[in-house]
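Here's a quick tour for anyone new to reading protein structures. Have a look at the picture first, then work through the topics below.

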Amino acid sequence: MKVSKIGLISRKLTNLDEQFPVQDMLLQTGQIEQFAGGIYAYGHIPYLVKQNIEKIISDTLTKYGCSELLLPILQPEKIWVESGRLDKYIADEVMFRSLTKNGNYCLAPTAEEAIVAFARKRLSTYKQLPVTYFQIGPKFRNEIRTRGYLLRGKAFEMMDAYSFGRNQQDLDEEYAKMKKAYIEIFEKMELEVQPVGADSGAIGGSKSEEFMCLSDIGEDNILYDAESGKAFNSELLEREDAKQYLLENYGIKNISSLTSKKAVELGHIFQLGDKYAKTMNGNYVDCDGITKNYIMGCYGIGVSRTLAMVYEQSILKKNGNFDGISLPKSVAPYLIYIIPKTDDKEKYDLAIKLYNQLENKNIKVLFDDRNDISIGAKIKDAKIVGSPFMAVVGKSVDEGKIEIEELKTGNKVSIDIEEFVEYCKNL
């Protein structure tokens, strides 16, 4: 891909947001666009990063035996009447609603109702259980306080999964499987994430854990108990039975010795039990011929929030100041950014030749074809785009070499021109 085609705004970055510098950089360079508070469009690079994050999630969950589907974004409110949650969501002004003479609808804030309506026509017997369905798509919530650009918005991407089982044993096994899958997903994105005990909130259920990314930009507090090795969200201390709950569920005896860390919630898993199956007639016939309710689990990952954290955690600093980003190879849309010397035809032609050879090898590469800015500005933009590697086809060509820099470490290697394509392939 040629840089002139990706919509990048080359500019001097000024007054970057101290708390969220990378997302502010994305805004200033046209890589994201804010349409209103909490509503964003993705430019070429962030959109491809989001797709790569979704692919990691989808591939991993499929490997763990989960079945991917797609539920409607526009939901009839009658299924929310069935679950008994419509009045509360209206009262809390969470929903975006569409009231018509042919019926009332809402833009999906979550999908418990839709998934039960989907499953109850398909999962009629114990022989079909347990099973876990998942989807990746947009959600809409009228957040009163949007925060942190993509971290908390009114429209956002989410992976939500739901397990259906016969009993608590099925639920425990599916829950443990999803917990393991989550850890693998975040490791692939090079995010330092740990599961912690959490409050189930409006979703409900008996047990839940949040997957927290340790970060000073977080608005959540994780409390860690050195004696038990367990961690939990500080919100649990707001429970009336907090001491007893922490002792029974986490073995934490002394809450006065806890240490606190800031974190951002990227995922949440719940044991719902029969909460939604009971109200919405989500039933199956067991081996004894008796009709019983599904025992369900619920699992979510904030995709756009994870995207924001991947970016914020990829920051490069020079003398303590923002100097660019280097995205993890697992999610970076382009492996290497080639900067040609545009005022030297021989070197430019060589750069084009190498670019075409990389493309033919299906190696993702950005080629800075712009001829109206300096090499220095292009180097700055290479760091703004976030490709893990950068190559300048310049002076070193006279010695038969091309220098490749790994942006995360600053390490540089000189490669013979003839070996350049193979070297990039091995990266």
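How many nonpolar, polar and charged residues are in the lining of the largest pocket? By class, there are 16 nonpolar, 10 polar and 17 charged residues in that lining. Keep in mind that this is a predicted model. With that said, let's go through the open and closed spaces, then a small sheet, then a few backbone oddities.

**The largest pocket**

- This pocket holds about 1300 Å³ of space.
- A total of 43 residues line the largest pocket, and R141, E143, R152, E265 and R305 are the ones nearest its centre.
- Several helices and strands chip in: α4 (86-91), β8 (155-165), β13, β16 (295-302) and α9 (303-312) each give at least two residues to the lining of the largest pocket.

**Cavities**

- Searching the whole structure turns up three cavities of 30 Å³ or more.
- The largest cavity has about 70 Å³ of space.
- Its lining is made of R147, L151, R152, I217, G218, E219, D220, A263, V264, E265 and R305.
- Sort the lining residues of the largest cavity by class and you get four nonpolar, one polar and six charged.
- Which strand gives the most to the lining of the largest cavity? That's β13 (residues 259-273), with three residues.
- You may spot some familiar names here: R152, E265 and R305 line the largest cavity, and they are also among the residues nearest the centre of the largest pocket.
- The second largest cavity comes in at about 50 Å³.
- Around the second largest cavity you'll find L70, L71, P72, I73, A108, Q135, G137, P138 and K139.
- The class split for the second largest cavity is six nonpolar, two polar and one charged.

**A three-stranded sheet**

- In general, the strands of a sheet pair through backbone hydrogen bonds, and they can do this in a parallel or an antiparallel way.
- Here, three strands make an open sheet in the order β4-β6-β5, with antiparallel pairing.
- β4 (74-76) and β5 (96-100) are the edge strands, as each one pairs on one side only.
- From one strand to the next, the twist averages 30°.
- Zoom in on β5 and β6 (residues 103-107): five bridges join these antiparallel strands.
- For one pairing you can look up yourself, find S98, whose bridge partner in β6 is Y105.

**Backbone oddities**

- As background, most residues other than glycine have a negative phi, and most peptide bonds are trans.
- The peptide bond between L129 and P130 is cis, with omega at about 0°.
- To find P130, go to the loop between α5 (112-119) and β7 (131-140).
- N15 isn't a glycine, yet it has a positive phi of about 50°.
- You'll see N15 in the segment before α1 (21-28).
- Is N15 buried or exposed? N15 is exposed, with a relative accessible area of 77%.
- E190 is another non-glycine residue with a positive phi, this time about 60°.
- E190 belongs to the loop between α6 (168-188) and β9 (193-197).
- The relative accessibility of E190 is 48%, so this residue counts as partly exposed.

Notes: Residues are numbered from 1 along each chain as its sequence is written. This is a predicted model: local features need pLDDT of at least 70, side-chain atom pairs count only at pLDDT 80 or more; totals for chains, interfaces and linings use all residues. Side-chain values use heavy atoms; hydrogens and water are left out. On a 1 Å grid over the protein atoms alone, a cavity is a set of points where a 1.4 Å probe fits but cannot get out, and a pocket is an open set with protein on both sides within 12 Å along at least five of seven lines; lining residues have an atom within 4 Å of a point. Grid points are joined across faces, edges and corners, and a volume is the space filled by probe spheres set on the points. Helices (H or I, at least four residues) and strands (E, at least two) are DSSP runs, numbered from the N terminus. Ala, Val, Leu, Ile, Met, Phe, Trp, Tyr, Cys and Pro count as nonpolar, Asp, Glu, Lys and Arg as charged, and the others, Gly among them, as polar. Two strands pair if DSSP finds at least two bridges between them. Axes are lines fitted to C-alpha atoms, for helices over the stretch in contact, and angles run from 0 to 180 degrees between N-to-C directions. Buried means under 20% relative accessible area, exposed over 50%, partly exposed in between (1.4 Å probe, protein chains only).
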